[in-house]
Amino acid sequence: EASPGVFTDHAVFAAIRKLLVNSSLADQGWYSAAEQAVTAVFMVCTDPEAFSAGVLRDMAGAGALPPSGGGGAEEPAVGVAIHSGEVSESRLARFLYVLGHSALKQLVYTEGLIKEAMRALVASLGSGLEFGLRVAASLSTTYELMASNTASDVIEAIQLIVLAHQFDVDNSAAAVRRALSLVFSREPAVGEAVLEGAQTLYLRPGDTPMDSAMRLAGAARGAALGTLTALEDIIAKLVQVRLLPATGQVVRALWTLVADRSATLEAVESKRAALAVLGMAAAAQPEVVRPYLSTLLQVGFSEGPSGDALLTRYACIAIQRLALPGGRRAGVELLPS
């Protein structure tokens with residue numbers, strides 16, 4: 001374990017400073033002592049760089065370098081008389097020795113800090129990897145907990161799955177899809193836990209509206225029928241409690257995805273998923289679709305090479321959401337031109 005170090009105001013460093021700056025030792029003995037003194041500073045001092053800089057300043061003021069000021073500059077109060085413009089060769093040599101040796105030790109010291117930081121980083125990454133593997137291995141047990149008759153077990157399982165998915169743990173996406181189906185649980189607390197989990201995964205507070213829109217579309221993209229049914233119920237409830245406002249920025253971002261004119265497979269699949277999500281949201285609030293009918297008709301009913309049967313299907317579902325409760329016709333006057 002590394003030593004906690006000694007603070008620079010300790011008596012040890014006062015003695016080392018005096019040795020380096022103003023020692024009466026002969027040069028032959030001083031150089032040997034100074035070498036070990038600088039080494040000691042970098043081994044036990046809490047801030048060796050600052051201490052060495054202070055020592056070098058004192059050595060410069062004690063005659064190792066010529067005075068830098070003009071007339072009227074104060075003489076250094078170190079106890080050594082300095083003639084104007086004169087520099088002691090002995091003190092200059094000592095200054096350069098301490099400067100060079102300190103620079104060398106600083107390089108070694110910095111390299112040691114880098115190596116220590118790298119070891120800490122590797123250890124941290126290793127711990128994170130081990131944690132991720134353990135969480136991934138525990139997901140099979142979590143599946144069993146989701147089938148428990150005890151609501152608290154199921155809720156804790158949902159919370160663990162949400163946390164695992166936030167950290168991109170292997171197999172967590174499949175676990176999330178299974179957890180979404182619990183929105184139909186007879187236990188109200190379990191259904192609320194699913195809604196909270198969905199909000200955490202898809203509507204994160206610090207995300208941009210487009211980030212949230214892409215996460216919602218990603219949840220629908222390639223999902224099986226059972227997952228889509230659960231997702232529709234969840235999104236409708238999020239709209240009802242205004243966590244996903246019908247006229248909010250996330251809905252507008254979803255329509256931006258739908259209106260994307262890119263013909264790449266990625267863009268087409270994103271348009272399908274975004275339009276599917278908008279249809280789900282419109283089941284709770286038709287205003288999700290009503291202001292965007294022109295975009296819906298343009299994208300969903302294109303003919304020729306740009307036509308897409310799935311987009312048309314989702315567009316028709318979205319139009320169905322404009323019906324009044326009970327399946328009654330909305331009437332032309334309720335539809336924007």
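**Reading cavities and a surface patch**

Mentor: In this predicted model, the lining of the largest cavity divides into 9 nonpolar residues, 1 polar and no charged.

Trainee: How is empty space inside a protein found, and how many cavities of 30 Å³ or more does the structure hold?

Mentor: Rolling a probe the size of a water molecule over the atoms shows where empty space is left. Here there are 3 cavities of 30 Å³ or more. The largest cavity holds about 60 Å³ of space.

Trainee: Which residues line the largest cavity, and which element gives the most to the lining?

Mentor: The lining consists of Ile158, Ile161, Val162, Val176, Ala179, Leu180, Val194, Gly197, Ala198 and Leu201. Two or more of these residues come from each of α5 (151-166), α6 (172-180) and α7 (188-202). Helix α7 gives the most, with 4 residues.

Trainee: What is the volume of the second largest cavity, and which residues line it?

Mentor: Its volume is about 40 Å³. Leu20, Val38, Val41, Phe51, Ser52, Val55, Val98 and Ser102 form the lining. At least two lining residues are supplied by each of α2 (27-44), α3 (48-64) and α4, and α3 gives the most, with 3. By type, this lining has 6 nonpolar residues, 2 polar and no charged.

Trainee: Turning to the surface, which residues make the nonpolar patch?

Mentor: Ile114, Met118, Leu121 and Leu125 make a nonpolar surface patch of about 400 Å². Leu125 lies in helix α4 (residues 89-146).

Trainee: Is Leu125 buried or exposed?

Mentor: Exposed means over 50% relative accessible area. Leu125 has 57%, so Leu125 counts as exposed.

Notes
Residues are numbered from 1 along each chain as its sequence is written. This is a predicted model: local features need pLDDT of at least 70, side-chain atom pairs count only at pLDDT 80 or more; totals for chains, interfaces and linings use all residues. Side-chain values use heavy atoms; hydrogens and water are left out. Patches are made of residues with over 30% relative accessible area and no salt bridge: like charges are joined within 9 Å, nonpolar side chains (Val, Leu, Ile, Met, Phe, Trp, Tyr) within 5 Å. Accessible areas come from the Shrake-Rupley method with a 1.4 Å probe; for residues, only the protein chains shown count as cover. A salt bridge is a side-chain nitrogen of Lys or Arg within 4 Å of a carboxyl oxygen of Asp or Glu. Buried means under 20% relative accessible area, exposed over 50%, partly exposed in between (1.4 Å probe, protein chains only). On a 1 Å grid over the protein atoms alone, a cavity is a set of points where a 1.4 Å probe fits but cannot get out, and a pocket is an open set with protein on both sides within 12 Å along at least five of seven lines; lining residues have an atom within 4 Å of a point. Grid points are joined across faces, edges and corners, and a volume is the space filled by probe spheres set on the points. Ala, Val, Leu, Ile, Met, Phe, Trp, Tyr, Cys and Pro count as nonpolar, Asp, Glu, Lys and Arg as charged, and the others, Gly among them, as polar.
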